[in-house]
Each structure stands twice: as C-alpha cells, then as structure tokens.
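Me: I'd like to learn how to read salt bridges and pockets in a model. Could you walk me through them?

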Amino acid sequence: MQDEETGSWWQQITGEAIYGSSKGQRLKLVHHDELSFSLWKQEHPDGRVLIPDDSKPWKQFSEDWEEHTAKMPVLAALNPDTRLNARTQIVGIKIADVAKAYPLSTIKEQTPVLDYIGYTPVIIVVAEDKKSVRAFERTIEGQELEFFAKSDSQALRLVDAQTGSEWDFTGKAVKGTYAGHKLKQVYLLNDYWFDWKAYNPETAIYP
C-alpha cells in the first residue's frame, strides 16, 4: 500500500512502513471479520452496505479471483517450507510473539478447534455457512472452558463442559450459568500459507 501524503510504502499484512519517510512506523491494527454476507446480515439486520463497483473489468476479476490468483507466482522460493502447499488456505493467529497456522480444511472438519497459542487457550469455530471463521480466548473470569458443538442445532451453538451454558457464533453465552457473558475475540487472518509464512517465519502449524 502507498499513502498519498508521503508516498511511503506499507506492508498489507503487518501495517509497517517499509519505504519512504514513514519507514519503521506501524499502523494500529483494527479488528475485523471476514464473514459471508448472509451471516453478516443476520447479525446486523440494519447494517449499511457500500454500493459495489459494477465496472466490467473489476467485476470480471472479482468473479474469477481465486482462479486468477492461483495462476500467479508466489515468493515461497525465498523462504521454502514444504509442510503445506504454498497456496493452502489457512487461518493465521498471532498472540504476542507466538504465531500458528490452521489449515482451513482442517478446522472445517474439526470445528470447534480447541488449542493454545503460547499460554493462551483459544477456540476456533466455523459458522453454519462453512465459510465464516472466528476465534476467541476460551476463558471467563479466569476459568478455562472446554467446548463442544451442539449437534441438534441448525445455527452454530457451542456448549461448555464446565456449566453446560450455550454460546453462539459471536462468542456470547445465550443460555445457562454464563448467560450474558462474552468471550474475548481473537484477531485472525484468512491467508495463503506462503504469505503467512513470509511474515511469520517461526509459525507453527496445527495440529
């Protein structure tokens, strides 16, 4: 990315300026979700949507983005790591200095995934649309929780083993002892393996 004010170049993933008068500075990370529109609309029925760009070149590129991008070369050769295919889609999480990559296919099959990033207990869940992913710290008031998916629910519902409380995809307890409590959401990045590895050379891979 390049800013208009100084012409400095910024890394898209880290937000760090790598060239120009702003070199060494870093943009503040703002939490964001990457959700399917249908799920976002369910959570925000009064939400506003930007008018899409209907220009023909951009629309054609958008519709075939995955196919088009898959043909582009990657920089994996600069930092080879064959544990995963370069274009494996992963969900990357970094807490403090500890980074971990979760292959998207794996977390779709195993959701919810309970794990640790360093000493932080986390849960990664895929919504009922099989596209949207979120992660949370799985502690409430200092209590580490273990979760499993409720099998007889159309929408994603998690149940904690400690109290039997039910939790939804926003991380909020909707029924039981913890009703009204909310898990702390953890920033994650949907990315290709080669790109995540380039910015996180010491990353681990789940499992």
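What follows is a short back-and-forth on the charged pairs and one pocket.

Reply: Sure. Keep in mind that this is a predicted model.

Me: Okay, charged pairs to begin with. How many salt bridges does the structure hold?

Reply: The general idea is that side chains of opposite charge can pair when their charged atoms come close. In this structure there are eight salt bridges. Take K100 and D115, whose side chains meet at 2.8 Å, N to O. K100 sits in strand β4 (residues 98-103) and D115 in strand β5 (residues 113-117), so this pair ties together parts that are 15 residues apart in sequence.

Me: Are K100 and D115 buried or exposed?

Reply: Buried means under 20% relative accessible area. K100 has 14% relative accessibility, so K100 counts as buried. D115 comes in at 12%, so D115 is buried too.

Me: And which parts of the chain does the pair K184 and E137 link?

Reply: Those two side chains form a salt bridge at 3.9 Å, N to O. The pair links distant parts of the chain: K184 is in the loop between β13 (173-175) and β14 (185-186), while E137 belongs to strand β7 (residues 133-137), 47 residues apart. As for accessibility, K184 is at 55%, so K184 counts as exposed.

Me: What about E166 and K175, how do I read that pair?

Reply: Read the distance, then the accessibility of each partner. The side chains of E166 and K175 meet in a salt bridge at 4.0 Å, N to O. E166 is buried, with 10% relative accessibility, whereas K175 is partly exposed at 49%.

Me: Which residues are linked in a network of salt bridges?

Reply: That would be D33, E43 and R134.

Me: Now pockets. How much space lies in the second largest pocket?

Reply: With a pocket, look at the volume, then at what lines the pocket. The second largest pocket here has about 330 Å³ of space. It is lined by 13 residues, and the closest to its centre are I13, T14, L29, K94 and Y187. The elements that contribute two or more residues to this lining are β3 (89-95) and α5 (193-199).

Me: Which element gives the most to that lining?

Reply: β3 does, with three residues.

Me: And how do the residues of the lining divide into nonpolar, polar and charged?

Reply: For the second largest pocket, the lining has eight nonpolar residues, three polar and two charged.

Notes
Residues are numbered from 1 along each chain as its sequence is written. This is a predicted model: local features need pLDDT of at least 70, side-chain atom pairs count only at pLDDT 80 or more; totals for chains, interfaces and linings use all residues. Side-chain values use heavy atoms; hydrogens and water are left out. On a 1 Å grid over the protein atoms alone, a cavity is a set of points where a 1.4 Å probe fits but cannot get out, and a pocket is an open set with protein on both sides within 12 Å along at least five of seven lines; lining residues have an atom within 4 Å of a point. Grid points are joined across faces, edges and corners, and a volume is the space filled by probe spheres set on the points. Helices (H or I, at least four residues) and strands (E, at least two) are DSSP runs, numbered from the N terminus. Ala, Val, Leu, Ile, Met, Phe, Trp, Tyr, Cys and Pro count as nonpolar, Asp, Glu, Lys and Arg as charged, and the others, Gly among them, as polar. Buried means under 20% relative accessible area, exposed over 50%, partly exposed in between (1.4 Å probe, protein chains only).
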